[in-house]
Amino acid sequence: MVFFAPGNARKSIALFDTTLRDGEQTPGVSFTTEQKVEIAGQLAGIGVKIIEAGFPASSAEEREAVRAIVAAGTGAEICGLARMRRDDVDACLDCDVDMIHLFIPTSKVQREHTVRMSMDEVLAATAEVVGYAREHVDHVLFSPMDATRTDWDDLVRACRTAVEAGATVVNIPDTVGVMTPSAMKELITHVVKEVKAPIDVHCHNDFGLAVANTLAAVEAGASQVQVTVNGMGERAGNADLAQTVMALEAIYGIGTGVETSRLVETSRLVSRHANFAVPSLQPVVGENAFAHESGIHAHGVLEHPETFEPGVMTPEMVGHRRRIKFGKHAGRHAVSQMLADVHLTPTDAQLDQILEKVKAFSGRGRRVTDADLYAIAEEVVGMGAVTPSVQLSDISVLTGTHALPTASIRLVVDGTEKVACSTGNGPVDAAMRAILGCLPEPVHLKEFSIEAITGGTDAIGHVTIAVEDRAGHIFDASASSDDIVTASVDAMINAVNLVRRVEKGE
């Protein structure tokens with residue numbers, strides 16, 4: 001089902017990813033060369049055809065990274081950014097890129113306060129440098145920077161000058177994110193009519209409109225769009241890759257060539273390398289994108305997913321999983337279904353009591369984990385606590401300013417003692433790795449969060465953990481202690497026991 005198919009919509013759109021260039025300009029983000037090569041390989045692997053690898057003239061390290069990406073032979077077209085200067089073009093050529101992206105300010109405010117050039121000087125530089133670049137590469141992308149605040153006549157003159165000099169694609173950047181979708185559609189319609197070249201757009205997210213403006217540009221005839229993974233970039237970032245791709249594919253019915261089932265995987269890879277957490281509420285790839293707590297919502301999606309999900313976009317389409325979460329809005333159907341998964345079958349009266357306790361627990365401002373739900377249910381049903389299959393015997397950690405954080409752990413797993421030792425980025429990380437090293441089946445740590453629930457240096461810390469089993473199911477559990485390592489270990493073991501309990505069908 002396609003909800004919107006504009007009459008002039010193309011059957012496919014070219015995707016230009018600038019995560020490694022504009023995305024890396026996110027304050028606090030800096031990728032190593034190895035990370036850039038891995039990200040480029042991931043992007044090419046999911047079907048991105050054009051990757052802006054960096055700004056070679058900015059530093060020797062940047063040139064090294066761009067060269068490494070080109071040498072990796074990802075199969076994607078590799079682009080290098082350059083100012084409207086011959087030496088910048090030479091830096092790109094030195095990296096053997098497939099495309100050169102040349103930019104120059106065209107708005108009055110940027111011309112006067114950044115490059116101090118008149119419009120005539122901008123046009124002369126554009127003609128010279130674009131022509132020089134085109135003599136050496138087959139693909140030249142021209143960007144009139146701050147295009148959306150440029151006088152329309154000046155904008156068209158700049159674009160035409162670039163095309164006459166050899167530019168093969170013209171990019172219209174909303175550099176400071178001030179456009180609205182209707183205004184963007186009007187502008188791109190005008191540019192498409194006046195400029196005889198494929199039109200690309202690069203939208204910033206200062207008002208949260210980057211994806212909407214990108215889609216409006218496609219409606220107006222743009223044939224290429226620029227995106228970044230997780231919407232990274234200067235200030236509030238750029239149009240998000242996953243959101244743009246899924247809107248085009250699922251709503252507009254326009255192909256992007258992207259393997260959408262790997263969008264979550266790609267988001268997490270970049271998030272890890274950027275040390276930049278993806279918000280739970282992030283559309284498409286966030287942990288809550290397909291999570292449901294409200295009773296009527298949970299009941300609906302368990303009965304028929306399209307009741308409270310788009311339908312044209314399912315969790316499986318983007319590499320996600322549907323999750324039913326529990327809190328004060330939880331409903332009978334969802335709670336009953338989750339208890340059935342672990343073979344707990346309370347009576348109607350007992351189910352009412354369980355729901356009452358879950359809502360009271362959540363009403364105190366506490367997140368209700370899977371482990372909490374099962375513990376409440378076991379208490380109400382009167383079956384007593386189930387003997388866990390994984391039990392902690394002993395743990396010791398070593399850390400210090402001149403010591404590599406190390407954890408040694410002894411667990412009893414199904415009655416057999418297991419011992420493991422591991423290092424990590426800190427004592428908690430080392431302890432988590434040691435626990436996972438004792439388990440016979442793979443478990444992946446998905447989330448880790450900690451909060452202080454009392455004040456002072458002896459504060460009680462509450463740790464919540466989510467783990468994923470080999471089938472992709474997610475389980476969460478928590479624990480509290482005045483020792484953070486102990487709380488973390490207890491929470492992890494609680495979560496692991498949930499995984500094993502479901503797998504064994506206890």
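## A hairpin of two strands

Strand β15 (residues 461-468) is joined to β16 by eight bridges, and the two run antiparallel. This is a predicted model. Two facing pairs can be picked out along the ladder. V463 lies opposite A479 in β16. V467 lies opposite F475, also in β16.

The two strands form a hairpin, with five residues between β15 and β16. G472 sits in that turn and has a positive phi of about 90°. How much of β16 is buried? Seven of its eight residues are, so to speak, under cover: the strand is mostly buried.

## The open sheet

β15 and β16 belong to an open sheet of three strands, in the order β14-β15-β16. The pairing is antiparallel. In general, strands of a sheet pair through backbone hydrogen bonds, either parallel or antiparallel.

Which strands form the edges? They are β14 (444-452) and β16 (474-481), and each pairs on one side only. Neighbouring strands in this sheet are turned by 15° against each other on average, with direction ignored.

## The barrel

A second set of strands closes up. Eight strands form a barrel in the order β1-β2-β3-β4-β5-β6-β7-β8. Here the pairing is parallel. The twist from one strand to the next averages 25°.

One pair in the barrel is β7 (residues 199-203) with β8 (residues 224-227). They pair in the parallel sense over two bridges. V201 has V225 in β8 as its bridge partner.

Helices pack on this sheet. α2 touches β2 (50-54) and β3 (77-83), and its direction makes about 150° with that of β2. α6 touches β5 and β6 (169-174), and its direction makes about 165° with that of β5.

## Where α1 meets α2

Helix α2 (residues 60-71) also has a helix for a neighbour. Its axis and that of helix α1 (residues 33-46) come within 9 Å and cross at roughly 35°. The crossing of α1 past α2 is right-handed.

Which residues make the contact? From α1 come T33, K36, V37 and A40. From α2 come E62, E64, A65, A68 and I69. By class, this contact has five nonpolar, one polar and three charged residues.

## Helix α5 and its surroundings

Helix α5 (residues 119-134) has 16 residues. From its first C-alpha to its last it reaches 22 Å, close to the 22 Å expected at 1.5 Å a residue.

Which residues of α5 are buried? They are M119, V122, L123, A125, T126, V129, V130, G131, Y132 and A133. These buried residues pack against both helices and strands. The helices are α3 (86-94), α4 (108-115) and α6 (152-165). The strands are β4 (99-105) and β5 (139-145). α6 and β5 thus appear twice in this account: α6 also packs on the sheet, touching β5.

## The whole chain

How many helices and strands does the chain have? There are 16 helices and 16 strands. The chain has 506 residues, and 52% of them count as buried.

Contacts reach across the sequence. Among contacts with a separation of 6 or more, 64% join residues 24 or more positions apart.

Technical notes: Residues numbered from 1 in each chain as written. Predicted model: local features only at pLDDT ≥ 70, side-chain atom pairs only at ≥ 80, totals over all residues. Heavy atoms only, no water. Axes fitted to C-alpha atoms, helices over the stretch in contact; angles between N-to-C directions. Helix = DSSP H or I, 4+ residues; strand = E, 2+ residues; numbered from the N terminus. Left-handed = near helix turned anticlockwise from the far one by under 90°. Contact = heavy atoms within 4.5 Å. Nonpolar A, V, L, I, M, F, W, Y, C, P; charged D, E, K, R; others polar. Pairing = 2+ DSSP bridges. Expected span 1.5 Å × (residues − 1). Buried < 20%, exposed > 50% of the residue type's maximum accessible area, 1.4 Å probe, protein only.
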